[in-house]
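Reader: Could you take me through this one at the level of strands, cores and charged pairs? I would like to ask as we go.

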Amino acid sequence: MLGDVGVPSHSEGGLQFSPNGVLYATNIGNFDASSIGTIDGESGQVLTQTRLFSSDGGGFDLNGLAWRSDNVLVGIERSRNAFMLIDPTSGEAEVLAVSPGSKSIRGGMANGPGLDMAYYADEFNDLYSVDLNTGAAIYIGHLDIEGSIGGLAFVPSPPSCGVLLIAGAMARRRRQMSR
């Protein structure tokens, strides 16, 4: 752990480095006034904080982030069960697409081998790939682990081994959020 970020958080949120090396975090604050911010990678302190807003007026529970090749940030949002386009400077977030099925997408997300695709897991440990330009998702399979996925990391393997996706973070119990 780098350190306490010094601000309250309503749930686990998303954490992602931008293509230029800036570390972003979501779910700073509470559900109805959630923010996105930049984090100092050395100390863990919040450097900037911008309140998220959307034309639908809802709160935010962003649980995974990935960058597209055009430097647009995409997040998975649990309460809308949707992929959101996020402007980290202004805080504006709009729905790109709703996730397939009725499962909650709160298990984590990581960029894949190209910046225009990512992997994500839902609360039932089902793994998907998603096109970050359209939001089209493809079911890959079930991750047979105890507990639920709390985050994902993409780790490229040697060419002879193909692509390896590691279901990162720990299997853990999710705390219930009161609203």
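**Sheets, cores and salt bridges**

Author: Gladly, and please keep in mind throughout that this is a predicted model. A good place to begin is strand E10, residues 117–121, which pairs with strand E11, residues 126–131, in the antiparallel sense over 5 bridges.

Reader: Which residue in E11 is the bridge partner of Tyr120?

Author: The bridge partner of Tyr120 in E11 is Tyr128. Tyr120 also has a side-chain partner outside that pairing, for its side chain makes a polar contact with the side chain of Ser99 at 3.2 Å.

Reader: Where is the place of Ser99, and is Ser99 buried or exposed?

Author: Ser99 sits in the loop that runs between strand E8 (93–98) and E9. Its relative accessibility is 5%, and because buried means under 20%, Ser99 counts as buried.

Reader: Back to the sheet, then: what is the order of its strands, and which are the edge strands?

Author: The order is E9-E10-E11-E12 in an open sheet of 4 strands, with antiparallel pairing. Strand E9 (109–111) and strand E12 (137–142) are the edge strands, each of them pairing on one side only. On average, and with direction ignored, neighbouring strands of this sheet are turned by 20 degrees against each other.

Reader: And what about the open sheet with E5 in it, what order does that have?

Author: That open sheet also consists of 4 strands, in the order E5-E6-E7-E8, and its pairing is antiparallel. Its edge strands are E5 and E8, each pairing on one side only, and the twist averages 30 degrees from one strand to the next.

Reader: How many bridges join E7 to E8?

Author: E7 and E8 run antiparallel and are joined by 5 bridges. Within this part of the model, Leu85 stands opposite Glu94 in E8.

Reader: Changing topic, which residues make up the largest nonpolar core?

Author: The largest nonpolar core has 12 residues, including Trp67, Phe60, Tyr24, Met84 and Ile86. Strand E5 (62–67) and strand E7 (82–86) are the elements that give two or more residues to this core. Apart from it lies another core, of 11 residues, and among them are Val74, Ala97, Leu132 and Tyr128, the last of which we met as the bridge partner of Tyr120.

Reader: Now the charges: how many salt bridges does the structure hold?

Author: The structure holds 4 salt bridges. In one of them Arg80 pairs with Asp56, and the closest N and O atoms are 2.7 Å apart. This pair links distant parts of the chain, 24 residues apart, with Arg80 in the loop between strand E6 (73–77) and E7 and Asp56 in the loop between strand E4 (46–51) and E5.

Reader: Which other residue is linked with Asp56 and Arg80 in a network?

Author: Glu77 is, so that Asp56, Glu77 and Arg80 are linked in a network of salt bridges. The side chains of Arg80 and Glu77 meet with an N to O distance of 3.4 Å.

Reader: Are the members of that network buried or exposed?

Author: Both Arg80 and Glu77 are buried, Arg80 having a relative accessibility of 16%. Asp56 counts as partly exposed, because its relative accessibility is 46%.

Reader: What about the salt bridge of Arg68 and Asp70?

Author: There the side chains meet at 2.8 Å, N to O. Arg68 is buried, with a relative accessible area of 10%, whereas Asp70 counts as partly exposed at 43% relative accessibility.

How values were computed:
Residues are numbered from 1 along each chain as its sequence is written. This is a predicted model: local features need pLDDT of at least 70, side-chain atom pairs count only at pLDDT 80 or more; totals for chains, interfaces and linings use all residues. Side-chain values use heavy atoms; hydrogens and water are left out. Two strands pair if DSSP finds at least two bridges between them. Axes are lines fitted to C-alpha atoms, for helices over the stretch in contact, and angles run from 0 to 180 degrees between N-to-C directions. A nonpolar core is a set of buried Ala, Val, Leu, Ile, Met, Phe, Trp, Tyr and Cys residues joined through side-chain atoms within 4.5 Å. Buried means under 20% relative accessible area, exposed over 50%, partly exposed in between (1.4 Å probe, protein chains only). A polar contact is a pair of N or O atoms within 3.5 Å; within protein, one must be able to donate a hydrogen and the other to accept it, and residues adjacent in sequence count only if both atoms are side-chain atoms.
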